[in-house]
Amino acid sequence: MTRWETRSCDAVRQVLGGRSNVFLLTSGSARILVDTGRRNRWPDLQDRLAGAGVERLDALVLTHAHFDHAENARRLRDAYGATVIVHESESGFLERGDAPLPAGSVLPTRLFFRGLRSALQRRVRYDGCPADATVGDRLDLASLGVNAYVLHTPGHCRGAMSVVLDDEIALVGDAMVNAGPWSVFPPFADDIGQLLDSWRRLLETGCRIFLPGHGTAIGRALLEQRYEERRRRVSAPRGRPPHDTAASRESPAASRPPTAVP
Ligand SMILES: [Zn+2]
C-alpha cells in the first residue's frame, strides 16, 4: 500500500489502484476515504480497509460522481457509516447513480465517443446514494479532525473537487491523470478552460504532490511545466486550435512521480 505523510496527517494511503485509485486519510482518530473504485473491487476495498484497521469511516469524499469513482458509495455509506460528501452540482447524479460521461478532450477520445456516448451511458449506471453534505466552492474538514479542505476544481466535469491536505498533498480526482500515454492532461474533460483554471488554483495551494484518480503521483514541477505548455497553447496565434490534440503527443517519460513513503 503506497503511503505518504504530511505535517498533520498521519497517513495518506492508496488503498486501491489499478483502474481507479482510492485513498484513505488518517489523522488521529479521523478516517476519511476519497473515492470508491469500481463495483468489482468491493471485496478488495473491504480487505484493504480491514488491513488498515478501519471499521468506521467519518466521511467519504467523492471527487465527482462518475461511475469509476462512486460505484461503491452506497455500500460504504451503509457498511461504514460514512458521511457522503460531494459537490452540489453532482449530488443529483449520485442520488440517481447516473452521472453523465464527460466529453473527450483529445482526438482519440473524441473519436472514440463519437456516436457511442449514449450507448455507453446506459452501461455506467450504479446504485444511487444520497449525499449527506454538499460542497459549493470550498469545505473545511477541520471539524472531522483533519487539517484539510475540499476545493471545487471543475473542468473534467462541472462538479469536480479536490482534497487539499496541509497545503502539501492534493487528491485531485480526474483534474489530472498519470497513466499509460496520458501525462497530467486528462483525456476526458467537459471544459478545458475551467480545467486549466483548476490547475492554477491547485498550484496556488503550494502542494508538492498531486494524487490523481488514475495512475501515479504527479510532482509539482511536472504540473507547472504542463500548465505553462497548455497556457501557451491557449494563447497561441490563430491557425492552431487552442485545445488541439497535442496531449496525445505528450511523453509519459516526462512524468516524474515524487518518491512515496513505502
Ligand atoms: Zn475517472
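**Entry 1. Strands 3 and 4**

I began with strand 3 and strand 4 (residues 30-34), which pair in the antiparallel sense over five bridges. The model I consulted is a predicted one. I then looked for the partner of F23 in strand 4 and found that it is V34. Two residues lie between the strands in this hairpin, and G28 takes a positive phi near 60° there.

I next asked how many of the six residues of strand 3 (residues 22-27) are buried. Five of the six are, so strand 3 is largely enclosed by the rest of the structure.

**Entry 2. Strands 2 and 3**

I turned to the pairing of strand 3 with strand 2 (residues 11-16). Five bridges join these two strands, and they run antiparallel. Here F23 in strand 3 stands opposite Q14. F23 thus appears in my notes with two partners: Q14, and V34 in strand 4. The hairpin of strand 2 and strand 3 has five residues between the strands, and I noted that G18 takes a positive phi near 75° in it.

**Entry 3. The sheet as a whole**

I followed the pairing outward from these strands. They belong to an open sheet of seven strands, ordered 1-2-3-4-5-6-7, with mixed pairing. Which are the edge strands? I recorded strand 1 (3-4) and strand 7 (133-135), each of which pairs on one side only.

As a general point, I kept in mind that strands of a sheet pair through backbone hydrogen bonds, either parallel or antiparallel. Strand 1 is joined to strand 2 by two bridges, and this pair runs antiparallel. For R3, I found the bridge partner in strand 2 to be R13.

**Entry 4. Helices on the sheet**

I looked up what helix 1 lies across, and found strand 2 and strand 3; helix 1 runs at about 150° to strand 2. Helix 3 (residues 73-80) also packs on the sheet, where it touches strand 4, strand 5 (59-61) and strand 6 (83-87). The direction of helix 3 makes about 170° with that of strand 5.

**Entry 5. Positive phi outside glycine**

I checked two residues that have a positive phi although neither is a glycine: D35, at about 70°, and V184, at about 80°. Where are they found? D35 is in the loop between strand 4 and helix 1 (42-51), whereas V184 is in strand 13.

I then asked whether D35 is buried or exposed. With 27 other C-beta atoms within 10 Å, D35 is buried, the cut-off being 20 or more. V184 is buried as well, with 25 other C-beta atoms within 10 Å.

**Entry 6. Helix 8**

I compared the length of helix 8 (residues 220-234) with expectation. At 1.5 Å a residue, its 15 residues should span 21 Å, and the end C-alpha atoms are 21 Å apart, which agrees.

I listed the buried residues of helix 8 as L222, L223, R226 and R230. They cover an arc of only 95° around the axis, which puts them on the same side of helix 8. I noted that two arginines, R226 and R230, are on this list. The face turned away from the buried side carries the exposed residues A221, E224, E228 and R232.

What do the buried residues of helix 8 pack against? I found strand 13 (182-184), helix 7 (192-203), strand 14 (209-212) and strand 15 (218-219). Strand 13 is also the strand that holds V184.

Definitions and conventions
Residues numbered from 1 in each chain as written. Predicted model: local features only at pLDDT ≥ 70, side-chain atom pairs only at ≥ 80, totals over all residues. Helix = DSSP H or I, 4+ residues; strand = E, 2+ residues; numbered from the N terminus. Expected span 1.5 Å × (residues − 1). Buried ≥ 20, exposed ≤ 12 C-beta atoms within 10 Å, placed from the backbone. Arc of directions from axis to C-beta. Contact = placed C-beta atoms within 7 Å. Pairing = 2+ DSSP bridges. Axes fitted to C-alpha atoms, helices over the stretch in contact; angles between N-to-C directions.
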